[in-house]
Amino acid sequence: PMTSAQATRVVLRASVIPTVVVGILAVVVAYLAKGGNGALAAALGAAIVVLFFASGQYVLGRILSSNPQLVLSAGLLLYLTQIAVLFVLIALLKDATWLDPKVFAITVVVCTLTFTGMAVLATQRTKVLYVEPVSDASHDAADAAVRTPDADP
């Protein structure tokens with residue numbers, strides 16, 4: 001079992017690394033298929049997804065450690081907001097001439113699916129403690145407080 005902070009690091013690592021690999025592959029394929037504008041679009045799309053979703057996962061981990069009851073609600077709100085912002089970005093860049101909008105959109109979708117799928121897989125494989133254990137020093141203090149001094153054997 002892991003603490004929520006350890007689980008957040010595991011999920012981030014398991015999500016970011018494959019997404020970066022997919023992003024690099026997208027840049028290479030886009031460069032071969034569409035040239036420099038395609039490679040720029042793929043690089044921008046992959047970078048936006050990695051930064052955007054990794055920061056969201058970090059925020060979700062902070063919420064998990066401070067207020068676990070809000071994680072599901074916060075996660076759903078965060079994910080819906082992220083998807084909405086990505087759709088707005090795709091819509092804003094659909095007529096851009098300095099990059100290939102189709103390559104950008106495809107890269108964003110593929111990297112988003114990769115990040116989300118790997119995050120779900122990593123979350124399923126991690127076991128997070130619902131109640132984090134206390135340290136030995138605080139445990140000893142709690143035991144001392146429970147003992148009553150007037151209880152004679």
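**Exercise 1. The crossing of H2 and H3**

Task: Determine which hand the crossing of H2 and H3 has, and how the two helices are oriented to each other.

Solution. The model is a predicted one.
- Step 1: H2 and H3 cross in a right-handed manner.
- Step 2: H2 covers residues 36–66, and its axis lies 10 Å from that of H3, at an angle of about 165°.
- Step 3: Angles over 145 degrees count as roughly antiparallel, so H2 is roughly antiparallel to H3.

**Exercise 2. H3 and H4**

Task: Work out how H3 and H4 are oriented to each other, and give the hand of their crossing.

Solution.
- Step 1: H3 spans residues 71–92, and H4 spans 101–125.
- Step 2: The packing angle of H3 and H4 is about 165°, and their axes are 10 Å apart.
- Step 3: Since the cut-off for roughly antiparallel is over 145 degrees, H3 and H4 are therefore roughly antiparallel to each other.
- Step 4: The crossing of H3 and H4 is right-handed.

**Exercise 3. H1 and H4**

Task: Find the angle at which the axes of H1 and H4 cross, and state what it says about their orientation.

Solution.
- Step 1: The axes of H1 and H4 come within 8 Å and cross at roughly 155°.
- Step 2: That angle makes H1 roughly antiparallel to H4.
- Step 3: H1 and H4 cross with a right-handed sense.

**Exercise 4. The second largest pocket**

Task: Describe the second largest pocket by its volume, the helices that supply its lining and the kinds of residue found there.

Solution.
- Step 1: The volume of the second largest pocket is about 190 Å³.
- Step 2: At least two residues of its lining come from H1 (4–34), and at least two from H4 (101–125).
- Step 3: Among the lining residues are Ala26, Val29, Ala30, Ala33 and Lys34, and also Asp100, Lys102, Val103 and Ile106.
- Step 4: By kind, the lining of this pocket has seven nonpolar residues, one polar and three charged.

**Exercise 5. Phe87 and Phe104**

Task: Decide for Phe87 and for Phe104 whether the residue is buried or exposed, and give a C-alpha distance for each.

Solution.
- Step 1: Phe87 is part of helix H3.
- Step 2: Its relative accessible area is 56%. The cut-off for exposed is over 50%, so Phe87 is exposed.
- Step 3: From Phe87 to Ala105 the C-alpha distance is 8.8 Å, with their positions 18 residues apart in sequence.
- Step 4: Phe104 belongs to helix H4.
- Step 5: The relative accessible area of Phe104 is 1%. Buried means under 20%, so Phe104 is buried.
- Step 6: Phe104 and Ile90 are 14 residues apart along the chain, and their C-alpha atoms are separated by 7.5 Å.

**Exercise 6. Arg62 and Lys127**

Task: Place Arg62 and Lys127 in the chain, and classify each by its accessibility.

Solution.
- Step 1: Arg62 sits in helix H2.
- Step 2: Arg62 has a relative accessibility of 51% and counts as exposed, because the cut-off is over 50%.
- Step 3: Along the sequence Arg62 and Thr8 are 54 residues apart, while in space their C-alpha atoms are 8.4 Å apart.
- Step 4: Lys127 is in the loop that joins H4 to helix H5 (136–146).
- Step 5: With a relative accessible area of 63%, Lys127 is exposed.
- Step 6: Lys127 and Ser4 are 123 residues apart along the chain, with 9.2 Å between their C-alpha atoms.

**Exercise 7. The chain as a whole**

Task: State how many helices and strands the protein chain has, in what order its elements run and what share of its residues is buried.

Solution.
- Step 1: The protein chain has five helices and zero strands.
- Step 2: Read from the N terminus, the order is α-α-α-α-α.
- Step 3: The chain has 153 residues, and 29% of them count as buried.

Conventions. Residues are numbered from 1 along each chain as its sequence is written. This is a predicted model: local features need pLDDT of at least 70, side-chain atom pairs count only at pLDDT 80 or more; totals for chains, interfaces and linings use all residues. Side-chain values use heavy atoms; hydrogens and water are left out. On a 1 Å grid over the protein atoms alone, a cavity is a set of points where a 1.4 Å probe fits but cannot get out, and a pocket is an open set with protein on both sides within 12 Å along at least five of seven lines; lining residues have an atom within 4 Å of a point. Grid points are joined across faces, edges and corners, and a volume is the space filled by probe spheres set on the points. Helices (H or I, at least four residues) and strands (E, at least two) are DSSP runs, numbered from the N terminus. Ala, Val, Leu, Ile, Met, Phe, Trp, Tyr, Cys and Pro count as nonpolar, Asp, Glu, Lys and Arg as charged, and the others, Gly among them, as polar. Buried means under 20% relative accessible area, exposed over 50%, partly exposed in between (1.4 Å probe, protein chains only). Axes are lines fitted to C-alpha atoms, for helices over the stretch in contact, and angles run from 0 to 180 degrees between N-to-C directions. Angles under 35 degrees count as roughly parallel, over 145 as roughly antiparallel, 65 to 115 as roughly perpendicular and the rest as oblique. A crossing is left-handed if the near helix is turned anticlockwise from the far one by less than a right angle, and right-handed if clockwise.
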